[in-house]
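Please open the model in a viewer and keep the selection tool at hand. The tour below proceeds stop by stop, naming what to select and then describing what is found there.

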2 protein chains.
Amino acid sequence: MVSNISLDTSISIPEGSVGLVQSELVQFDEPLLLSSGQVLPQYELAIQTYGELNHDRSNAVLVCHALNASHHVAGMDANNPKNIGWWDNMVGPGKALDTDRFFVIGVNNIGSCFGSTGPASINPATQQPWGASFPMLTVEDWVHAQARLADYLGIKKFAAVMGGSLGGMQALSWAITCPDRLENCIVIASTPGLSAQNIGFNEVARRAIITDPEFFDGDYHNHNTVPKRGLSVARMLGHITYLSDEVMAEKFGRTQRDPTGSGQYRYHYDVEFEVESYLRYQGEKFSTYFDANTYLLTTRALDYFDPARDFGGDLARSLAEVSARFLVVSFTTDWRFTPERSREIVQALLKNKRNVTYAEVDAPHGHDAFLLDDRRYHAVVQGYYDQIAEQLGLGTRQRTTGVLA
Amino acid sequence: MVSNISLDTSISIPEGSVGLVQSELVQFDEPLLLSSGQVLPQYELAIQTYGELNHDRSNAVLVCHALNASHHVAGMDANNPKNIGWWDNMVGPGKALDTDRFFVIGVNNIGSCFGSTGPASINPATQQPWGASFPMLTVEDWVHAQARLADYLGIKKFAAVMGGSLGGMQALSWAITCPDRLENCIVIASTPGLSAQNIGFNEVARRAIITDPEFFDGDYHNHNTVPKRGLSVARMLGHITYLSDEVMAEKFGRTQRDPTGSGQYRYHYDVEFEVESYLRYQGEKFSTYFDANTYLLTTRALDYFDPARDFGGDLARSLAEVSARFLVVSFTTDWRFTPERSREIVQALLKNKRNVTYAEVDAPHGHDAFLLDDRRYHAVVQGYYDQIAEQLGLGTRQRTTGVLA
């Protein structure tokens with residue numbers, strides 16, 4: 001179901017970009033039984049694809065997204081070419097994930113607000129937005145829905161499933177729940193389960209949203225309103241946890257927002273420091289486009305993810321059936337999902353004598369580092385994909401673009 | 001102005017406690033010129049004292065409080081003996097700060113909601129609560145008001161000014177702004193200025209309060225309401241930053257609040273994990289007794305504190321006139337005010353060839369460690385006070401109680 005869009009051919013495509021991309025909607029009419037026991041009667045998944053699926057369908061890579069992202073992974077949105085995919089620095093012809101050789105699929109998760117069926121979608125049974133009645137989801141539910149997408153696309157086994165942060169949890173869950181369906185699992189800036197501190201921050205964000213009087217128990221659609229205040233606070237808090245103390249010091253420090261240039265404090269609660277201006281802007285922008293119910297269910301899915309839980313807390317046992325090779329990447333200044341948490345995954349894989357490559361990248365940016373250009377980080381990922389291409393006979397790299405060019 | 005209270009003599013006083021204590025209110029009728037340029041026409045300070053002021057008034061120690069504390073530093077509140085002072089483990093006969101030898105003063109800051117004049121007090125000019133019209137304050141304003149208290153008590157020079165966190169900033173500011181009025185300065189778990197991350201967290205907390213529809217631009221008193229939702233979110237967030245990731249993992253981990261004992265997730269946004277229950281409880285309790293305007297002005301005073309600011313960012317220059325000896329203490333797992341920040345103070349003092357003792361205590365509790373019993377931490381403080389007593393000829397310790405006994 002691709003809507004016809006007349007592409008503006010005057011737009012110049014940068015080297016290494018997959019160019020203008022259109023989204024597709026794939027409809028699934030078979031009900032999806034969820035971890036909660038609830039059933040999603042039908043759903044649509046919004047996807048984008050880059051590169052070409054090869055003849056034996058062995059070169060497909062699934063990219064899973066984090067809280068605030070979507071299926072628009074790479075390239076320029078055909079409807080709005082200034083809207084660049086969230087991992088465009090990683091995915092493209094000649095880039096670390098090389099679309100000259102790999103067929104890359106970006107998929108928007110159910111429960112999202114960027115195209116796939118979610119709380120803001122119309123519930124066919126009521127012809128009203130699902131709102132608060134949209135079922136709760138887990139990472140495993142997302143993987144289940146994505147596996148059906150693989151069936152639809154005729155992909156029996158992915159060359160790799162890859163993701164950062166919450167996307168990395170999905171990749172890990174793929175390796176556990178569908179071990180025969182991926183050759184490689186790439187888990188970046190992720191964790192085998194949220195810490196109490198992580199859950200605590202999620203809970204603060206949720207309380208900000210849920211106690212916003214405009215939330216109306218999740219049925220704000222029916223009241224023609226949006227819990228913007230709560231969403232904004234949630235996003236501001238999120239942003240702090242995505243950045244390292246170091247990078248915030250460097251970006252903002254104690255720099256004043258000082259329109260008069262006097263250098264004096266103005267003694268009020270409006271913006272006095274640059275960091276306040278940044279956070280407020282991010283919060284307010286987010287509250288204009290992100291669905292509050294999606295925020296709630298996504299943070300809850302994060303809380304719930306804990307593959308070791310069914311194995312008495314033993315992560316190694318939860319990974320016993322895994323057959324994929326792994327690349328695990330963490331960032332030294334990521335205090336949200338610390339390198340220690342990635343090392344737990346690595347240790348559990350090694351206990352099972354699985355093939356795992358681990359890189360701990362010394363990057364200053366905190367959790368957000370997984371989204372940023374970093375030569376050493378991209379070199380690790382590129383090297384790993386070159387290995388995959390060799391394993392699967394996908395040919396050698398024809399060009400190198402992006403941060404590594 | 002002590003109200004007469006009939007003390008219940010049947011209450012047993014634990015060893016090392018200063019016993020039942022009453023608060024006093026001291027009235028100041030001389031207007032206080034504030035950093036902002038505004039004037040507080042008159043104000044009262046609530047205080048408590050423990051021990052006896054000696055003949056030459058050389059044994060007085062001023063204890064400054066942090067965001068959520070008061071002048072009730074030690075002992076049992078005579079009006080409610082279960083209400084134990086916030087630093088009772090530190091202050092008492094035979095304790096680290098030994099009231100057998102020192103005369104200790106706890107003072108509630110202006111702007112607070114625990115007895116001293118603050119936004120919830122009646123503005124004499126209007127006979128209404130000050131509310132949003134209460135002036136903004138700085139750490140220097142608090143020190144100024146405390147110096148007047150010293151005058152009132154006839155104390156020319158403190159044996160020490162001491163505080164943790166925001167209280168440590170006040171101690172540091174005493175050493176800078178009134179160098180001749182303290183022999184020693186004890187700065188615990190503090191910082192010479194908030195980082196961008198610190199300001200960011202404060203700003204999120206303030207936005208939660210200010211955007212609460214019950215805030216009414218700070219004049220909620222006139223609407224007979226309280227911005228409880230915002231206060232609760234602010235306090236939940238604060239709590240996370242007071243605790244280390246490690247201690248949260250140990251206290252809560254991923255333990256579920258599981259009334260049915262099934263071990264199953266219940267797929268809702270009510271309490272699912274113990275950490276959520278703890279944070280909600282703390283937030284709700286706080287919102288019933290803490291004044292929102294006090295929260296705002298106190299976090300802003302934290303943001304503003306930056307003694308190096310008038311010296312081109314050079315902390316050493318800002319300390320050039322300091323004459324006090326220093327004890328600086330930090331805690332390894334304090335990620336709010338990290339040991340690095342304390343070391344900045346130490347380095348700046350050493351640059352000025354000042355006498356400074358520095359202890360970095362390996363404690364698991366995060367920022368909150370400064371309030372907790374920790375043998376090594378208290379031993380450092382006790383040793384330092386024993387030195388002060390020797391310097392000032394206050395006699396030797398007669399007994400040791402508390403964590404060090």
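In which sense, left-handed or right-handed, does helix 3 of chain B pass helix 7 of chain B? Please keep this in mind while making the first selection; note also that the model is predicted.

**Stop 1: helix 3 and helix 7 of chain B**

Select residues 196-210 of chain B, which form helix 3, together with residues 292-304, which form helix 7. The two axes lie 10 Å apart, and the helices pack at an angle of about 160 degrees. Angles over 145 degrees count as roughly antiparallel, and helix 3 of chain B and helix 7 of chain B are therefore roughly antiparallel to each other. The crossing in which helix 3 of chain B passes helix 7 of chain B is left-handed. To see the contact, display the side chains: helix 3 of chain B contributes Ile199(B), Asn202(B), Ala205(B), Arg206(B), Ile209(B) and Ile210(B). From helix 7 of chain B, the partners include Ala292(B), Tyr295(B), Leu296(B) and Thr299(B).

Next, select Ile209(B) alone, a residue of helix 3 of chain B. Is Ile209(B) buried or exposed? Its relative accessible area is 0%, so Ile209(B) is buried. Apart from residues up to four places away in sequence, Ile209(B) touches Phe215(B), Pro227(B), Gly230(B), Leu231(B), Ala234(B), Ala292(B), Tyr295(B) and Leu296(B). For a sense of scale, add Arg101(B): the C-alpha atoms of Ile209(B) and Arg101(B) are 44 Å apart, and the two residues are separated by 108 residues in sequence.

**Stop 2: helix 4 and helix 6 of chain B**

Select residues 228-242 of chain B for helix 4 and residues 274-289 of chain B for helix 6. Their axes come within 8 Å and cross at roughly 130 degrees. That angle makes helix 4 of chain B oblique to helix 6 of chain B. Helix 4 of chain B passes helix 6 of chain B in a right-handed crossing. Among the residues that make the contact are Leu231(B), Met236(B) and His239(B) of helix 4 of chain B, and Tyr278(B), Leu279(B) and Phe286(B) of helix 6 of chain B.

Now select Leu279(B), which is found in helix 6 of chain B. With a relative accessibility of 0%, Leu279(B) counts as buried. Which residues does Leu279(B) contact, leaving aside its neighbours within four places in sequence? They are Met236(B), His239(B) and Ile240(B), together with Gly200(A).

**Stop 3: a loop residue of chain B**

Select Asp88(B), in the loop between strand 8 (80-84) and strand 9 (91-92) of chain B. Asp88(B) has a relative accessible area of 15% and is therefore buried, since buried means under 20%. Beyond its neighbours within four places in sequence, Asp88(B) is in contact with Ser17(B), Val73(B), Ala74(B), Gly75(B) and Lys95(B).

**Stop 4: helix 3 and helix 4 of chain A**

Move to chain A and select residues 196-210, helix 3, and residues 228-242, helix 4. The axes of these helices of chain A come within 7 Å and cross at roughly 160 degrees. Helix 3 of chain A is thus roughly antiparallel to helix 4 of chain A. Helix 3 of chain A passes helix 4 of chain A in a right-handed crossing. Phe201(A), Val204(A), Ala205(A), Ala208(A) and Ile209(A) are the residues of helix 3 of chain A that take part, and their partners in helix 4 of chain A include Leu231(A), Val233(A) and Leu237(A).

**Stop 5: two loop residues of chain A**

Most residues other than glycine have a negative phi. Select Asn224(A), in the loop between helix 3 and helix 4 of chain A. Asn224(A) is not a glycine, yet has a positive phi of about 50 degrees. Asn224(A) is exposed, with a relative accessible area of 74%. Then select Lys353(A), in the loop between helix 9 (339-351) and strand 17 (356-361) of chain A. Lys353(A), likewise not a glycine, has a positive phi of about 55 degrees, and Lys353(A) is exposed at 74% relative accessible area.

**Stop 6: the nonpolar core and both chains**

Nonpolar side chains tend to be buried together in soluble globular proteins. Select Ile188(A), Phe326(A), Ile188(B) and Phe326(B), the residues with the most contacts inside the largest nonpolar core, which has 263 residues. Outside its neighbours within four places in sequence, Ile188(A) contacts residues including Trp87(A), Met162(A), Phe331(A) and Phe370(A).

Finally, display both chains. A rotation of 180 degrees, with 0.0 Å of shift along its axis, superposes chain B on chain A with an RMSD of 0.0 Å. The two copies are thus related as by a two-fold rotation axis. Both copies use the same surface, as 100% of the contact residues of chain B recur in chain A.

Methods: Residues numbered from 1 in each chain as written. Chains lettered and ligands numbered in written order. Predicted model: local features only at pLDDT ≥ 70, side-chain atom pairs only at ≥ 80, totals over all residues. Heavy atoms only, no water. Core = buried A, V, L, I, M, F, W, Y, C linked by side-chain atoms within 4.5 Å. Buried < 20%, exposed > 50% of the residue type's maximum accessible area, 1.4 Å probe, protein only. Contact = heavy atoms within 4.5 Å. Least-squares fit on C-alpha atoms with pLDDT ≥ 70 in both. Axes fitted to C-alpha atoms, helices over the stretch in contact; angles between N-to-C directions. Helix = DSSP H or I, 4+ residues; strand = E, 2+ residues; numbered from the N terminus. Parallel < 35°, antiparallel > 145°, perpendicular 65-115°, else oblique. Left-handed = near helix turned anticlockwise from the far one by under 90°.
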